[in-house]
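Let's take a walk through this fold, helices and sheet alike. Pull up the model and follow along.

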Amino acid sequence: MDEFRRYSLPVASRELVLEFGKVARQANGSVVVKYGDTTLLVTATASKEPREGVNFFPLTVDVEERLYAVGRIPGSWGRREGRPPDKSILQARVTDRPLRPLFPKGFRNDVQIVIIPLAIDHDNSPEIAGMIGASAALSVSDIPFNGPIGAVEVGLVDGEFVINPDVKQAEVSQLSLTVAGTKDAILMVEAGAHEVPEDLIVDAIMVGHEVIKEIVEFQEQIVREIGKPKMEAVLFIPSEDIVKRVDELATPRLKEAIRIKDKLEREEAIDQVLQDVFDEIAEEYPEREEEIEEAFHDILKREVRDMILNEGIRPDLRRPDEIRPISCEVGVVPRVHGSGLFTRGQTQVLSIATLGAASDIQELDTTGLEEFKRYIHHYNFPPFSVGETKPMRGPGRREIGHGALAERALLPVIPDENEFPYTLRVVSEVLESNGSSSMASVCGSTLCLMDAGVPIKAPVAGIAMGLVKGEDRAVILTDIQGMEDALGDMDFKVAGTKDGITALQMDIKISGVTREILVQALEKAREARMYVMEKMLEAIDKPREELSPYAPRMIVIEIDPDKIRDVIGPGGKTIHKIINETGVKIDIEQDGRVFISSQDEETGLRAKEIIEKLTADVEVGATYTGKVTRTAPFGVFVEVLPGKEGLVRSTELYPVDVDDLEVGDELQVRVSEIDHLGRINLSTRMSPQDRRGARDRDPRNRNKPNKFRKNPGNTRRGR
């Protein structure tokens with residue numbers, strides 16, 4: 001690896017380049033990945049010794065975002081990147097998922113993958129390049145790894161599949177599907193879609209896998225040339241005598257414990273069996289508790305899988321295609337803009353919707369193309385939801401990932417800003433969890449959005465599917481619970497409307513998942529989704545026609561972009577005056593759209609009226625009720641629209657005189673002329689019909705003193 005080596009492969013009409021041996025040579029494995037102008041440094045490093053006291057494989061994937069990659073300086077106070085943004089965390093998760101199953105069972109050394117984007121060309125996905133780079137760095141290193149893997153994105157443009165679509169293609173694509181796997185098996189699928197049918201999803205996965213095979217073969221050739229010999233790792237595997245002894249003691253009791261329907265009671269019974277095993281053989285095998293626990297876990301997995309495969313019974317005694325009892329409620333929390341409580345078995349999620357002004361959008365300071373987010377979904381998983389205690393910090397990677405999945409599922413049905421000019425935020429609080437809380441969040445989000453009166457295009461429901469595969473048969477599980485997720489072979493989350501899929505996430509732990517299994521799983525998921533949606537629509541069958549009285553009222557008007565400065569005023573003086581006078585919130589877009597957010601319709605309409613007057617043009621022949629701003633011997637100046645005043649000469653004042661008027665008095669006038677210099681000439685001489693029109697222009701002035709009366713006492717009443 002001391003020698004610089006460069007390899008290239010055409011992928012989707014672009015060169016995928018992997019460079020080795022030039023940089024980061026102290027890592028176990030490193031590679032510079034180039035795809036178009038997208039350039040990433042990817043390293044793989046492992047600890048020399050296993051980590052003690054853990055019963056899992058300690059793999060960490062870190063995506064270190066650098067804004068210099070897109071020619072930007074961070075917007076933070078310190079002008080330095082801080083905590084990784086959600087985008088980087090999601091990239092780390094999507095990279096971790098296909099890699100993790102390919103490390104040897106019992107491997108306990110710390111392994112860290114670090115991905116640093118050096119330059120980003122948005123036409124060439126850094127996520128795809130990062131996954132391929134992680135695989136290549138591991139494959140050429142001395143770290144035990146049963147790869148390589150490949151990854152591609154599949155789009156659907158004009159009915160045709162497109163591999164690794166560029167920005168223009170992605171904008172019109174009906175599908176954004178990321179698939180990763182080895183040359184023999186698909187390991188991970190992540191997708192967002194605009195109600196795409198199930199059969200097209202399967203076709204897209206298979207099309208993507210064909211390209212993956214080429215990428216894997218490309219890496220295998222590289223490994224043959226420059227790959228390091230793999231280290232002799234210490235694998236944490238229980239000895240045969242411990243496995244045999246634990247099997248004798250635990251199996252009969254486990255067969256009973258795993259058939260307890262309630263999750264907490266079942267877990268308590270299983271824990272008691274493990275404790276009994278410890279008590280009985282601790283003296284035989286001193287200081288080998290971890291081996292005993294590992295053997296026990298393997299036997300538990302075997303017994304659960306045997307029960308499903310041979311008896312067709314699941315740990316909570318359901319049939320493979322049986323869905324747990326479902327309960328749906330809306331309007332469960334007062335004063336919030338919308339709320340929905342979705343309960344499925346021992347999984348329960350409370351989702352709450354909040355409607356905000358246009359300025360409430362989330363600004364994104366990342367390397368991505370997306371600068372703002374109008375629909376935001378946040379997912380919270382407090383420890384009490386699984387009967388545990390632990391410190392509550394900020395959202396972890398799991399919370400961010402599940403929130404993003406639910407957000408992706410609802411995004412295709414969120415109404416356009418022109419139709420519904422609100423920023424929307426949904427928060428899903430997991431109150432109980434026994435599997436598939438992310439899909440429960442999708443269902444709860446649909447309920448709370450409809451309860452809030454958001455005119456979503458269609459309701460969305462979600463379901464989680466599982467798989468247990470034996471030597472001669474496979475059982476697909478509908479609505480999996482936590483134990484089936486942990487001990488099964490596949491976690492397959494599907495969300496969508498009645499017309500098609502909007503989001504999909506699949507992790508496969510084994511090879512040999514065929515197209516037939518995928519087709520069958522998607523069909524069963526569709527049937528389950530329709531059943532869940534039916535239950536949801538019993539609670540609320542369409543969005544409410546009226547918004548909550550606590551939700552802001554939004555008024556949108558369009559003005560000439562050249563007149564935006566008239567609304568803002570010097571130093572923001574004018575817009576601040578409107579806000580202070582009416583109590584509304586005003587956001588102005590560069591295209592001239594003005595968003596007025598108010599707590600009641602009356603103040604919103606008042607702000608709208610002020611803005612319309614500020615941006616209106618004075619018209620010759622039109623009548624106005626204006627205010628006197630200055631007086632002079634030759635006449636008076638009258639403001640007919642905000643910031644626009646004209647002169648009423650003494651000869652045009654009738655039936656009042658200049659001496660009868662003072663600053664602040666109201667006067668009904670007609671525009672007689674606008675001269676070549678833009679000066680406005682006014683007159684009080686008008687027909688009775690014009691006079692009524694002038695009063696009607698401003699309803700607030702209908703009960704004000706009439707300045708046409710000759711009696712000066714009336715005009716100065718109360719002064």
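Before we start, one bit of vocabulary: a helix crossing is called right-handed if the near helix is turned clockwise from the far one by less than a right angle, and left-handed if it is turned anticlockwise. Keep in mind, too, that this is a predicted model.

With that in hand, look at α5 (residues 240-257) and α6 (residues 263-281). Their axes come within 10 Å and cross at roughly 160°. An angle over 145 degrees counts as roughly antiparallel, so that is how α5 sits relative to α6. The handedness of this crossing is right-handed. On the α5 side, the contact includes Val246, Leu249 and Leu254, and these residues belong to a set that meets α6 residues, among them Ile270, Val273 and Val277. Sorted by type, the contact has 10 nonpolar residues, 5 charged and no polar ones.

Now for the sheet. Strands in a sheet pair through backbone hydrogen bonds, in either a parallel or an antiparallel way. Here 6 strands make an open, mixed sheet, ordered β1-β2-β3-β4-β6-β5. β1 (5-11) and β5 (59-63) are the edge strands with a single partner each, so one side of each has no neighbour in the sheet. On average, neighbouring strands are turned by 20° against each other, ignoring direction. β1 pairs with β2 (residues 14-20) in the antiparallel sense over 7 bridges, and Tyr7 has Leu18 in β2 as its bridge partner.

Helices pack here as well. α1 (residues 86-99) touches β4, β5 and β6, with its direction at about 140° to that of β5. α4 (residues 198-226) lies across β1 and β2, at about 165° to β1.

Notes: Residues numbered from 1 in each chain as written. Predicted model: local features only at pLDDT ≥ 70, side-chain atom pairs only at ≥ 80, totals over all residues. Heavy atoms only, no water. Pairing = 2+ DSSP bridges. Helix = DSSP H or I, 4+ residues; strand = E, 2+ residues; numbered from the N terminus. Axes fitted to C-alpha atoms, helices over the stretch in contact; angles between N-to-C directions. Contact = heavy atoms within 4.5 Å. Parallel < 35°, antiparallel > 145°, perpendicular 65-115°, else oblique. Nonpolar A, V, L, I, M, F, W, Y, C, P; charged D, E, K, R; others polar.
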